[in-house]
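Open the model in your viewer and keep the selection tool at hand. This tour goes from stop to stop.

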Amino acid sequence: MVFPIRALCLYVISFMLTGTLLAQRGDGSLYSSYGIGLINNDNVGYSTRLGGTGVAVQSPYFLNHINPASSVGILGAYNFMIDADVKYQMMNISTSEENIDINRTNLSHVAFWLKVSKSSAFTFGLMPISSVDNSFLETTYFVGSADPYSKYTKNYGDISKVFLNYAYSLHPRLSLGVRPYYLFGHINNTNLYEVQSDVYGSVDSFYLNLKNNYSGVGVDLGMQYIAYKNKDKKLILGLTYNAPASVSEQLSEEVQLLDSDSLLYESSGEMEAMDFFQSAKAGISYQTKNWIIAADYTYKYFPDSWEDYTPAQQVSFGAEYVPDFYGYSFPKQLNYSAGLYYDTGNYLFQNTPVNRWGFSAGIGFPVQNLTRLTLSYQYEKQGSTSLLSRETTHGITLNFNLADIWFQKKGYK
C-alpha cells in the first residue's frame, strides 16, 4: 500500500484552517504568569532538535523557521513540503512547599513550503508567539473585611501568528528573507473566590474573569551569506531581526456568583496600543555534504512598560549528521541531530533574572520517497526553588516533514 502523502497534506491543511492547534492543555510553567507568558522565539520544527539553533543554518532537506532567508536553500527533487510538530511534555515543578508533575500534548505548528523558482520560495504557516498556562491557590482578604477567602487563579491562553515567508537568493552567496505576519490571541485570567467561614454579612463566593484580547501585525527579517565555499564545504553567516509588532490589546471583565448564571458585572474596554518586544540574532555555521555545525547568539529586548522583564541573552549550539539522505541503505538514510543552549532569562523574580538551559537530540527516519519523521528529545531546567520554582521539563517531539512534487505533470519520451 502506498502511503497517501498528498491526501495527508490536504488533511493537515484543512485541519489548520478549521481547527485549533492545541490538542490538550494542563497547568504549565509558573513563569508563564508573567505578561504574555513563555516566549517561543520561533523555536519549532527543525531548530527544536538543534537546541534552538538556526540563524546561519541552510539545510538542503529541512525547513528552518529561525531565519526567514534560509528556506530558499532547500534543494532536492521536490517543490512542496509540509512541516508540523506534535509535542509531548512532562514537567516537574518544585517549590518550597510542594512538588508536582504535569503532562501535556499539543500540535505546536504547521507550515507549507513551496519553491516557485530556483532562486525564490514561499512559506505559509501558523506558529506560536507565546503561551500561558498556570494556576495558583492562596488565601486573600478584601480591604475593609476581616473574612478570609480562598483564591484559586487560573491563567491560560496563547498568542499566535499567521505568516507568509518569502525568501529570495539575491546572489549565489546571498539570500534575503521577509516574514510579515498577523498576530492574534487571548489570555484568560479566571479567579474563584470562596468564603472560608460562614460569617453573617460576608460576600458570597464568586468568579472574577478577566480576558485580554490581542491583535496586530509584525515582520521578521533575515539574511544569510556564504562567506566561504569550496566544493561541498561552506561557511555561512546569518542575521535575523524580529521587529516589535504593532499590537492592540482589549480587556474585558466579568463578575459572577458561584451558584448563579447571572452576571453581577460586565465590561469591555477600548482597544489600546501595546508596546511589544524585539530580538536580534547572529549565527555562524560550517556545512559539508554530511555535516552541519552551527552556533547562535540572541539578544531579546523588552519595553519599559513590561516591568517584570529584563533584556536577555541566549547562546546555542547545534549539529546534524546526514550520512546519505538519498541513499538506498536504511542506516545511512537516517539523520542525527543534537543541540544545547543557555538563556540568561528575561523574567525577573525579586529583581533576579530567571535563567534556563537545556539540550536536545533527535533521529530521523525515511517514510516514503522524500518524506521523513524525526523523533527528538528535549530537556530543560528553569529557575530554582529559591525563586518562584524550579521547573524541569522532558519533551518528546515528533516532526512530520512531508515532501512531494506539486503543480507539475510527469513527462515520458
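Start with R179 and F163. R179 lies over the face of F163, at 5.7 Å from the ring centre. Keep in mind that this is a predicted model.

Now select K161 and Y181. The charged end of K161 sits over the ring of Y181. The distance to the ring centre is 4.5 Å.

**Ring pairs**

Turn to rings that meet rings. The structure holds 26 aromatic pairs. One of them is formed by Y166 and Y168, and it is stacked. Their centres are 6.4 Å apart, with 20 degrees between the planes. Stacked means that the planes are under 30 degrees apart. Colour both residues by accessibility. Y166 has 30% relative accessibility and counts as partly exposed. Y168 is partly exposed too, at 35%.

Next, pick F359 and Y377. How are these two rings arranged? Their centres lie 6.3 Å apart and their planes are at 55 degrees, so the pair is tilted. Show the strands around them. F359 lies in strand β18, residues 356-368. Y377 lies in strand β19, residues 371-383. The pair therefore ties together parts that are 18 residues apart in sequence. F359 has 37% relative accessibility, so it counts as partly exposed. Y377 is partly exposed as well, with a relative accessible area of 28%.

For a wider view of the rings, select Y31, Y34, F276, F277, F302, W306, Y309 and Y347 together. Ring pairs link these residues into a cluster.

**A nonpolar patch**

Switch to a surface view. Select Y297, Y299, Y301, V315, F317, L340, Y342, W357 and F359. They form a nonpolar patch on the surface. Together they have about 810 Å² of accessible area. You have already met F359, from the tilted pair.

Which strands supply at least two residues each? They are β13 (291-301), β14 (312-321), β15 (335-343) and β18. The largest share comes from β13, with 3 residues.

Stay on β15 and compare two of its residues. Y342 is found in this strand, and so is D343. Is D343 buried or exposed? D343 is buried, with a relative accessible area of 0%. Y342, at 36% relative accessibility, counts as partly exposed. As a general rule, side chains in a regular strand alternate between the two faces of the sheet.

From D343, draw a line to Q313. The two are 30 residues apart in sequence. In space, they are 5.8 Å apart, C-alpha to C-alpha.

**A buried loop residue**

Move to S47. This residue lies in the loop between β1 (38-39) and β2 (80-94). S47 has 0% relative accessibility, so it counts as buried. Then add L63 to the selection. S47 and L63 are 16 residues apart in sequence, and their C-alpha atoms are 9.0 Å apart in space.

**A hairpin in the open**

Last stop: select strand β9, residues 246-257, and strand β10, residues 263-268. The two pair in the antiparallel sense over 5 bridges. A hairpin of 5 residues joins them. Zoom in on V255, whose bridge partner in β10 is Y265.

Why does β10 lie largely in the open? Of its 6 residues, the number buried is 0. Buried here means under 20% relative accessible area.

How values were computed:
Residues are numbered from 1 along each chain as its sequence is written. This is a predicted model: local features need pLDDT of at least 70, side-chain atom pairs count only at pLDDT 80 or more; totals for chains, interfaces and linings use all residues. Side-chain values use heavy atoms; hydrogens and water are left out. Buried means under 20% relative accessible area, exposed over 50%, partly exposed in between (1.4 Å probe, protein chains only). Helices (H or I, at least four residues) and strands (E, at least two) are DSSP runs, numbered from the N terminus. Two strands pair if DSSP finds at least two bridges between them. Rings of Phe, Tyr and Trp (its six-membered ring) pair if their centres lie within 6.5 Å; planes under 30 degrees apart count as stacked, over 60 as edge-to-face and the rest as tilted. A charge sits over a ring if NZ of Lys or CZ of Arg is within 6 Å of the ring centre and within 35 degrees of the ring normal. Patches are made of residues with over 30% relative accessible area and no salt bridge: like charges are joined within 9 Å, nonpolar side chains (Val, Leu, Ile, Met, Phe, Trp, Tyr) within 5 Å. Accessible areas come from the Shrake-Rupley method with a 1.4 Å probe; for residues, only the protein chains shown count as cover. A salt bridge is a side-chain nitrogen of Lys or Arg within 4 Å of a carboxyl oxygen of Asp or Glu.
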